[in-house]
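Work through the following exercises with the sequence and the model in front of you, and try each task before you read its solution.

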Amino acid sequence: MTTELLQKMNIDKSNWALVKFGDVVFEPKENMKDASAEGILHVVGLEHIDSGDIHLRKSASIEDSTTFTKKFKKFDVLFGRRRAYLKKAAQASFDGICSGDITVFRAKENVLPEILPFIVNNDNFFDYAVKHSAGGLSPRVKFRDLEEYKFLLPSKEEQKEIAKLLWAMDEVIEKEKENRDKYNIFYQRYLFDTVSGKVSKNRWREYVFGELGNTFGGLTGKTKDDFGIGAPFVTYMNVFSNTKINPNQVEYVKIDKGENQNELRYGDILLTGSSETPHEVGMSSVVLDNLKGFYLNSFCFGFRLHDFKTLLPEYARYLMRGNEVRTFMSLRAQGSTRFNLSKTIVRTKLKVRLPKINEQKEIVLKLEKFEDNLISFQIKIESSQSLQKSIINQIF
């Protein structure tokens, strides 16, 4: 499909010049001396560059404490030279300073700045960068190695036409993302209003969480020698990242005799009980599949409902991610370097307001429809991104 599209675009590479990256791009060596005098407002670290995104969307304020001094300008491409496999390379829309783990690329006279992010954001370039990286845990690649990367470069007139096409495709993707984000805001508002009872005219009953069930702990006392074989073991990130447990995101652990009292069951509500930041504590996921023989990570704990006559598991996955419950969890996280959430606090202090079961079912159906629509948005975006990536790979 992409080859046919390239043919329709009349892209003929027979007259393109084989160049080295260093022939068309240089690394400016400019350092900040006085942020106020130089009007610098933005500070960029690796965490501000999103993998696979050509746009630099985030930065910190110069008012925040920083040791960075490396300067970049608008239209430069900021390339994450540490762990190049993360594919971080974004074009700046503002001037600023950046981390030493970022290499600044600036276009020379023979290449247009608007086409530079596409030259960098292709699999061939990233593969080359990874291959020439050095180091153990945090491999880094140097600009002098990247200078030797070779590719075909069109004339500046052709660069203009190709850049125009690629940015038009990017605009379509950005519009699709904007539509998804607007819909997601609407979904989040509806989610908050429903699980809090604000859209209901009925009188909902309030429960202390412990009235609905009991807490249980995850596996403890495991060493690295216990992992790799045995029973499926629900990970911390599985609980943290999903509102319902994904049976495919598990590890395996050896279970000793007498440890099977906490096998997971349908309807169990699992929570992150320990984390490095308070806002990550108490994130929840609900077991909605038959996970007989599955166990829980020790950094998490579970809540087992007495029955499903008061709270449906399908409704619980929305309730537990609602603003009111999330606020309760983060405010009660205790610690300094690591934060923990007490099972007793959740059982005795958390209060939830619940509608009748029939209303819970109706709310779940509406929220699932929202989710289906969001998935459709995401599939459309990923399809457009895949097409864009294929074309970039074939052009450069």
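The exercises below concern a predicted model, and they treat aromatic rings, backbone angles, cysteines and pockets in turn.

**Exercise 1. Decide how the rings of Phe21 and Phe125 are arranged, and whether these residues are buried or exposed.**

Solution. A pair of aromatic rings is described by the distance of the centres and the angle of the planes. For Phe21 and Phe125 the centres are 4.9 Å apart and the planes make an angle of 50°. Planes under 30 degrees apart count as stacked and those over 60 as edge-to-face, with the rest called tilted, and the pair of Phe21 and Phe125 is accordingly tilted. The next step is to place the two residues in the chain: Phe21 belongs to helix α2 (residues 21-24) and Phe125 to helix α5 (residues 123-131), so that this pair links distant parts of the chain, 104 residues apart. Finally, buried means under 20% relative accessible area; Phe21 has 0% and is therefore buried, and Phe125, with 0%, is buried as well.

**Exercise 2. Classify the pair of Tyr149 and Phe151, and find which cluster holds these rings.**

Solution. The ring centres of Tyr149 and Phe151 lie 5.9 Å apart, and with 20° between the planes the pair is stacked. Tyr149 has a relative accessible area of 6% and so counts as buried, while Phe151 is buried at 4%. Ring pairs join Tyr149 and Phe151 to a cluster that also includes Phe21, Phe79, Phe105, Phe125, Phe126, Tyr128 and Phe143. The structure as a whole holds 23 aromatic pairs.

**Exercise 3. Examine the phi angles of Phe75 and Arg83, and state where each residue is placed.**

Solution. Most residues other than glycine have a negative phi. Phe75 has a positive phi, near 85°, and is placed in the loop between β5 (70-72) and β6 (77-80). For Arg83 phi is also positive, near 55°, and this residue is found in the loop between β6 and β7 (89-91). With a relative accessible area of 48%, Phe75 is partly exposed, and Arg83, at 28%, is partly exposed too.

**Exercise 4. How many disulfides are there, and are Cys98 and Cys300 buried or exposed?**

Solution. A disulfide is a covalent bond between the sulfur atoms of two cysteines. Counting pairs of cysteine sulfur atoms within 2.5 Å gives 0 disulfides. As for accessibility, Cys98 has a relative accessible area of 1% and is therefore buried, and Cys300 is buried at 3%.

**Exercise 5. Describe the largest pocket and the second largest pocket by volume and lining.**

Solution. Begin with the largest pocket, whose volume is about 350 Å³. It is lined by 19 residues, of which Gly52, Asp53, Asn121, Gln388 and Lys389 are the closest to its centre. Helices α5, α7 (156-196) and α12 (357-395) each supply at least two residues of this lining, which divides into 5 nonpolar, 6 polar and 8 charged residues.

The second largest pocket holds about 170 Å³ of space. Among its 13 lining residues, Arg205, Tyr207, Leu354, Pro355 and Lys356 are the closest to the centre. Both β11 (205-208) and α12 supply at least two lining residues, and α12 gives the most, with 3 residues. By type, the lining of the second largest pocket consists of 5 nonpolar, 3 polar and 5 charged residues.

Methods. Residues numbered from 1 in each chain as written. Predicted model: local features only at pLDDT ≥ 70, side-chain atom pairs only at ≥ 80, totals over all residues. Heavy atoms only, no water. Phe/Tyr/Trp six-rings, centres within 6.5 Å; stacked < 30°, edge-to-face > 60°. Helix = DSSP H or I, 4+ residues; strand = E, 2+ residues; numbered from the N terminus. Buried < 20%, exposed > 50% of the residue type's maximum accessible area, 1.4 Å probe, protein only. 1 Å grid on protein atoms, 1.4 Å probe; cavity = no way out; pocket = protein on both sides within 12 Å on 5 of 7 lines; lining within 4 Å. Points joined across faces, edges and corners; volume = space filled by probe spheres on them. Nonpolar A, V, L, I, M, F, W, Y, C, P; charged D, E, K, R; others polar.
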